[in-house]
Amino acid sequence: VQLQAYGGGLVQAGGSLRLSCAASGRTFSSYAMGWFRQAPGKEREFVAAISWNGGRIRYADSVKGRFTISRDNAKNTVYLQMNNLKLEDTAVYYCAAAPQLSMFGSEYEYWGQGTEVTVSS
């Protein structure tokens, strides 16, 4: 599975962005998908994950109520809708694929190249 994340950009605090992650390969629908982020000088952290059929979803506490993960298996794409963005959401966002739903990056087998999100005041 090859992954390409896009949709990042510069947005003011309180604004919204939608990230997309396009996957190649016919096995996309069998993978759980996750979003992770890494801010400058910080370790990568979990953001959200969705099971292969969308039936189970997990969020980091820091984004609950603001971010929504979804997927469209027909389009081989997973999305991250980010609302009410805060300065601390500034990071490079990565999408990843795993055999099972997980909040741990080590359990993800495939990673996209990342898309940068910058939230300004």
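Ser51 sits in the loop that links strand 5 to strand 6 (57-59), and it makes a good place to start a walk through this predicted model. Is Ser51 buried or exposed? Its relative accessible area is 4%, and the cut-off for buried is under 20%, so Ser51 counts as buried.

What does the side chain of Ser51 reach? It comes to 3.1 Å from the backbone nitrogen of Gly55, a partner that belongs to the local stretch of chain. Looking further along the sequence, and leaving aside residues up to four places away, Ser51 touches Ala32, Arg56, Arg71 and Leu101. One of these, Ala32, brings us to the next stop, since strand 4 covers residues 32-38.

Strand 4 is mostly covered, with six of its seven residues buried. Let us look at the strands it pairs with. On one hand there is strand 9 (residues 91-98), which pairs with strand 4 in the antiparallel sense over seven bridges. If you want a spot to centre your viewer on, try Trp35, which stands opposite Cys95 of strand 9. On the other hand there is strand 5 (residues 45-50), also antiparallel to strand 4 and joined to it by five bridges. Here Gly34 has Ala49 as its bridge partner. As you follow the residues along, keep in mind that side chains in a regular strand alternate between the two faces of the sheet.

How do strand 4 and strand 5 connect? They form a hairpin, with six residues between them. Within that turn, Gly41 has a positive phi of about 75°, a value you can check quickly on a Ramachandran plot.

Now zoom out to the whole chain. The protein chain holds eleven strands and zero helices, so its elements read β-β-β-β-β-β-β-β-β-β-β from the N terminus on. Among contacts with a separation of 6 or more, 57% are between residues 24 or more positions apart.

What about the overall dimensions? Taken along the principal axes, the C-alpha atoms fill a box of roughly 40 × 25 × 25 Å. A compact globule of 121 residues would have a radius of gyration near 14 Å, and the 13 Å of this chain agrees with that. Of the 121 residues, 44% count as buried, Ser51 being one of the buried residues. Finally, the surface: the chain exposes about 6300 Å², and carbon and sulfur atoms supply 46% of that area.

Notes:
Residues are numbered from 1 along each chain as its sequence is written. This is a predicted model: local features need pLDDT of at least 70, side-chain atom pairs count only at pLDDT 80 or more; totals for chains, interfaces and linings use all residues. Side-chain values use heavy atoms; hydrogens and water are left out. Buried means under 20% relative accessible area, exposed over 50%, partly exposed in between (1.4 Å probe, protein chains only). Helices (H or I, at least four residues) and strands (E, at least two) are DSSP runs, numbered from the N terminus. Two strands pair if DSSP finds at least two bridges between them. A polar contact is a pair of N or O atoms within 3.5 Å; within protein, one must be able to donate a hydrogen and the other to accept it, and residues adjacent in sequence count only if both atoms are side-chain atoms. Contact means heavy atoms within 4.5 Å. The radius of gyration is taken over C-alpha atoms; the globule rule is 2.2 Å times the number of residues to the power 0.38. Accessible areas come from the Shrake-Rupley method with a 1.4 Å probe; for residues, only the protein chains shown count as cover.
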